[in-house]
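I opened a new page for this chain and kept a list of things to look up. The entries below follow that list.

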Amino acid sequence: MAPVRFETVGRPAEGELLQAAVPGADGRPRTVRVWTPPHYADDPSARLPVLVLHAAMPGKTADAEQPDVFDGLVSAIKLGRTQPFIVVEPAAPIGTAHPCDLVAAAPQSLVDDAALRTAVAAAFRTLPPGPQGWAALGVDGAAPCAAAAGLTRPDLYGAAAAVSGRYDAAALAQAAGDAPAGPAPRLLLAAAKTDTEGVAAARKVSDALHAGKGQAARAELKLSDVVQDYTPDRARLRLVRLAAQYLVETLGHPAG
């Protein structure tokens with residue numbers, strides 16, 4: 001198969017955003033975007049961890065829902081909170097109105113599949129695809145996607161972070177409990193201090209996992225509910241920065 005060609009479509013947050021059509025398991029192309037950080041070209045030998053940014057809008061990538069998400073991500077690098085990383089954005093599947101429900105119900109059908117990972121790893125200097133170097137992130141409506149992916153596919157993701165989400169706690173616990181045995185899933189659930197509904201939703205997930213079976217009960221869960229700022233948008237950027245820091249730090253300490 002010919003290599004997938006990624007073309008530049010923008011330069012948000014001092015980095016570069018590239019896009020390609022990557023064939024899926026059914027042979028149909030799907031949009032994949034990749035953001036490389038500032039100074040990516042400076043060290044041709046450096047291989048970077050990958051944050052897979054999930055999307056909740058069918059057929060769209062995450063930055064269509066959260067155009068400023070890269071500002072939060074790059075701030076983690078510029079402030080020295082984490083080493084540089086690459087962001088991969090697969091478009092959410094179009095066969096369902098609720099992509100995150102599909103992730104929980106059918107974890108094997110993730111759009112972040114072997115073909116996508118092969119194409120990205122061939123075109124960019126990533127760490128090898130797998131839980132030692134790749135993590136999942138979801139913001140707002142996509143937070144349940146990242147939570148479900150992290151809980152059910154620790155073979156793909158070394159960690160996951162879900163920001164400002166609303167969750168079906170019982171479905172997440174069931175999906176995690178039904179997942180094959182493997183490394184303990186590692187998950188951050190973060191919500192702003194003033195987001196009382198989001199904080200309550202995260203705590204319900206925590207309670208459901210602790211009361212669950214198998215991988216659900218083994219999950220290493222971290223809750224964050226202390227971030228605050230002048231506006232909800234500013235608080236979300238701080239939460240995204242926190243999530244990036246958690247993910248890269250956690251990837252640096254492989255699960256036993």
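**Entry 1: Arg-186**

Is Arg-186 buried or exposed? I looked up its relative accessible area and found 9%. Buried means under 20%, so Arg-186 counts as buried. I note here that I am working with a predicted model. I placed Arg-186 in strand E8, which covers residues 186-190. I also checked a pair: Arg-186 and Ala-171 are 15 residues apart in sequence, and their C-alpha atoms are 17 Å apart in space.

**Entry 2: Pro-23**

I went next to Pro-23, which sits in strand E2 (residues 16-23). Its relative accessible area is 30%, so I wrote it down as partly exposed. Which residues touch Pro-23, leaving aside its neighbours within four places in sequence? I found Arg-28, Pro-29, Arg-30 and Ala-115. For a distance along the chain and in space, I took Pro-23 and Phe-124: 101 residues apart in sequence, and 17 Å from C-alpha to C-alpha.

**Entry 3: two residues with positive phi**

Most residues other than glycine have a negative phi. I therefore made a note of two that do not fit this habit. Ala-13 has a phi near 55°, which is positive although the residue is not glycine. I located Ala-13 in the loop between strand E1 (7-10) and E2. Its relative accessibility is 14%, so Ala-13 counts as buried.

His-39 has a positive phi too, near 70°, and is not glycine either. I located His-39 in the loop between strand E3 (29-36) and strand E4 (50-53). Is His-39 buried or exposed? I read a relative accessible area of 63%, so His-39 is exposed.

**Entry 4: Val-226**

I found Val-226 in the loop between strand E9 (220-224) and H9. With a relative accessible area of 60%, Val-226 is exposed. Nonpolar side chains tend to be buried together in soluble globular proteins. I therefore looked up what this exposed valine touches. Setting aside neighbours within four places in sequence, Val-226 is in contact with Ala-191 and Lys-193. The C-alpha atoms of Val-226 and Lys-193 are separated by 4.9 Å, although their positions lie 33 residues apart along the chain as a count of separation.

**Entry 5: the nonpolar cores**

Which members of the largest nonpolar core touch the most other members? In this core of 51 residues, they are Phe-6, Val-120 and Tyr-167. Helix H5 (residues 143-152) gives the largest share of the core, seven residues. A further core lies apart from it and has 35 residues, including Leu-17, Leu-51, Val-74 and Leu-247.

I then followed Val-120. Leaving out neighbours within four places in sequence, I listed its contacts as Phe-6, Val-32, Val-34, Val-88, Thr-126 and Trp-134.

**Entry 6: H5 and H6**

Two packed helices are described by the angle between their axes and the distance between the axes. I looked up both values for H5 and H6: the axes come within 8 Å and cross at roughly 25°. Angles under 35 degrees count as roughly parallel, so H5 is roughly parallel to H6. The crossing of H5 past H6 is right-handed.

Which residues meet here? From H5 I listed Pro-144, Ala-147, Ala-148, Leu-151 and Thr-152, and from H6 Leu-172, Ala-175 and Ala-176. I sorted this contact into seven nonpolar residues, one polar and no charged.

I also listed the buried residues of H6 (residues 169-178): Ala-169, Leu-172, Ala-173, Ala-175, Ala-176 and Gly-177. Their cover includes helix H3 (99-105), H5, helix H7 (196-210) and helix H8 (214-218).

**Entry 7: H2 and H9**

My last pair was helix H2 (residues 69-78) and helix H9 (residues 232-251), whose axes come within 8 Å and cross at roughly 50°. That angle makes H2 oblique to H9. H2 passes H9 in a right-handed crossing.

On the H2 side I noted Val-69, Asp-71, Gly-72, Leu-73, Ser-75 and Ala-76, which meet Leu-237, Val-240, Arg-241 and Ala-244 of H9. How many residues of this contact are nonpolar, polar and charged? I counted six nonpolar, two polar and two charged.

Conventions:
Residues are numbered from 1 along each chain as its sequence is written. This is a predicted model: local features need pLDDT of at least 70, side-chain atom pairs count only at pLDDT 80 or more; totals for chains, interfaces and linings use all residues. Side-chain values use heavy atoms; hydrogens and water are left out. A nonpolar core is a set of buried Ala, Val, Leu, Ile, Met, Phe, Trp, Tyr and Cys residues joined through side-chain atoms within 4.5 Å. Buried means under 20% relative accessible area, exposed over 50%, partly exposed in between (1.4 Å probe, protein chains only). Helices (H or I, at least four residues) and strands (E, at least two) are DSSP runs, numbered from the N terminus. Contact means heavy atoms within 4.5 Å. Axes are lines fitted to C-alpha atoms, for helices over the stretch in contact, and angles run from 0 to 180 degrees between N-to-C directions. Angles under 35 degrees count as roughly parallel, over 145 as roughly antiparallel, 65 to 115 as roughly perpendicular and the rest as oblique. A crossing is left-handed if the near helix is turned anticlockwise from the far one by less than a right angle, and right-handed if clockwise. Ala, Val, Leu, Ile, Met, Phe, Trp, Tyr, Cys and Pro count as nonpolar, Asp, Glu, Lys and Arg as charged, and the others, Gly among them, as polar.
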